[in-house]
Amino acid sequence: MMLADYVTYLPDDLLCKVGRASMAVSLEARAPLLDWRVAEFAWSLPLGFKRSETTSKVLLKRVLGRYVPQSMVHRPKRGFGAPVSDWLKGDLRPWAEDLLQPARLEREGVLSAAAVQPLWQQFLGGQRKWHTHLWNVLMFQAWQAHWRQVRAGVTGR
């Protein structure tokens with residue numbers, strides 16, 4: 001599993017996203033644990049230095065514990081995500097509402113307005129956090145609209 005992460009998940013997902021996000025704001029980001037010497041050393045370690053029954057990154061946490069409080073070393077993971085909910089309720093709301101118009105959804109015939117509209121209304125009303133689901137619908141709708149325009153331009157329609 002570590003090898004699969006190393007050759008696929010890291011370069012194709014995590015490092016790609018970090019690279020794009022940091023370059024978008026002219027920020028130099030480094031991944032010091034990916035230095036070939038550090039990676040080679042980590043690969044040479046027995047599994048017991050990497051994880052125990054209850055903890056991952058055992059050796060790293062042991063070393064880190066010398067320099068920072070234990071409460072910081074052993075806290076749960078905290079990710080960071082794009083503020084999609086804020087976007088959809090803010091600047092992107094007109095764009096989203098255009099793509100999610102019931103008449104448009106029905107005319108295009110792929111997604112059901114009866115299924116999508118309640119999600120949108122619950123999201124806007126604060127009853128449910130449907131932003132991830134809605135983002136997928138919006139990406140599909142935007143993709144579909146783009147290719148309709150391309151096809152119309154190519155065929156002259």
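**An all-helical chain and its aromatic pairs**

For this chain, UniProt lists residues 1-144 under "domain: Asparagine synthetase", in an unreviewed entry. The model shown here is predicted, and what follows should be read with that in mind. Over the listed stretch, residues 1-144, the chain is 65% helix and 0% strand, with the end C-alpha atoms lying 36 Å apart.

Taken as a whole, the chain has a secondary structure of 10 helices and 0 strands, which read along the sequence as α-α-α-α-α-α-α-α-α-α. The radius of gyration is 23 Å, whereas the globule rule gives 15 Å for 157 residues, a value well exceeded here, so the chain is more spread out than a compact globule. Along the principal axes, the C-alpha atoms fill a box of roughly 65 × 40 × 30 Å. Of the 157 residues, 19% count as buried, and among contacts between residues at least 6 apart in sequence, 48% join residues at least 24 apart.

Helix H1, which covers residues 2-24, is a convenient place to begin a walk along the chain. A kink of about 60 degrees lies in this helix at Leu10, shortly before the proline Pro11. The buried residues of H1 are Asp13, Gly19 and Ser22, and just after the helix Ser26 takes a positive phi of about 55 degrees.

H1 also takes part in the aromatic pairing of the model, for which the count comes to 5 pairs. In one of these pairs Tyr6 and Trp43 meet edge-to-face, with 5.8 Å from centre to centre and 80 degrees between the planes; an angle over 60 degrees is what the edge-to-face class requires, which is why the pair falls into it. The pair links distant parts of the chain, since Tyr6 belongs to helix H1 and Trp43 to helix H2 (residues 36-44), 37 residues apart. Both partners lie between the cut-offs of 20% and 50%: Tyr6 counts as partly exposed because its relative accessibility is 37%, and Trp43 counts as partly exposed because its own value is 38%.

Elsewhere, ring pairs link Trp87, Trp95 and Trp135 into a cluster. A ring is also approached by a charged side chain at Phe123, where Lys89 lies over the face of the ring, at 4.8 Å from its centre.

Two further residues help to place other parts of the model. Ser52 lies in the loop between helix H3 (47-50) and helix H4 (58-64), and with a relative accessibility of 33% Ser52 counts as partly exposed. The C-alpha atom of Ser52 is separated by 42 Å from that of Phe140, a residue 88 places away along the chain. Gln117, by contrast, is found in helix H9 (residues 113-124), and Gln117 is buried because its relative accessible area is 17%, under the cut-off of 20%. Leaving aside neighbours within four places in sequence, Gln117 is in contact with Leu100 and Pro102.

Definitions and conventions:
Residues are numbered from 1 along each chain as its sequence is written. This is a predicted model: local features need pLDDT of at least 70, side-chain atom pairs count only at pLDDT 80 or more; totals for chains, interfaces and linings use all residues. Side-chain values use heavy atoms; hydrogens and water are left out. Helices (H or I, at least four residues) and strands (E, at least two) are DSSP runs, numbered from the N terminus. Buried means under 20% relative accessible area, exposed over 50%, partly exposed in between (1.4 Å probe, protein chains only). Contact means heavy atoms within 4.5 Å. The bend at a residue is the angle between axes fitted to the seven residues ending there and the seven starting there. UniProt positions are given in the numbering used here, feature names are shortened, and annotations may be inferred rather than shown by experiment. Rings of Phe, Tyr and Trp (its six-membered ring) pair if their centres lie within 6.5 Å; planes under 30 degrees apart count as stacked, over 60 as edge-to-face and the rest as tilted. A charge sits over a ring if NZ of Lys or CZ of Arg is within 6 Å of the ring centre and within 35 degrees of the ring normal. The radius of gyration is taken over C-alpha atoms; the globule rule is 2.2 Å times the number of residues to the power 0.38.
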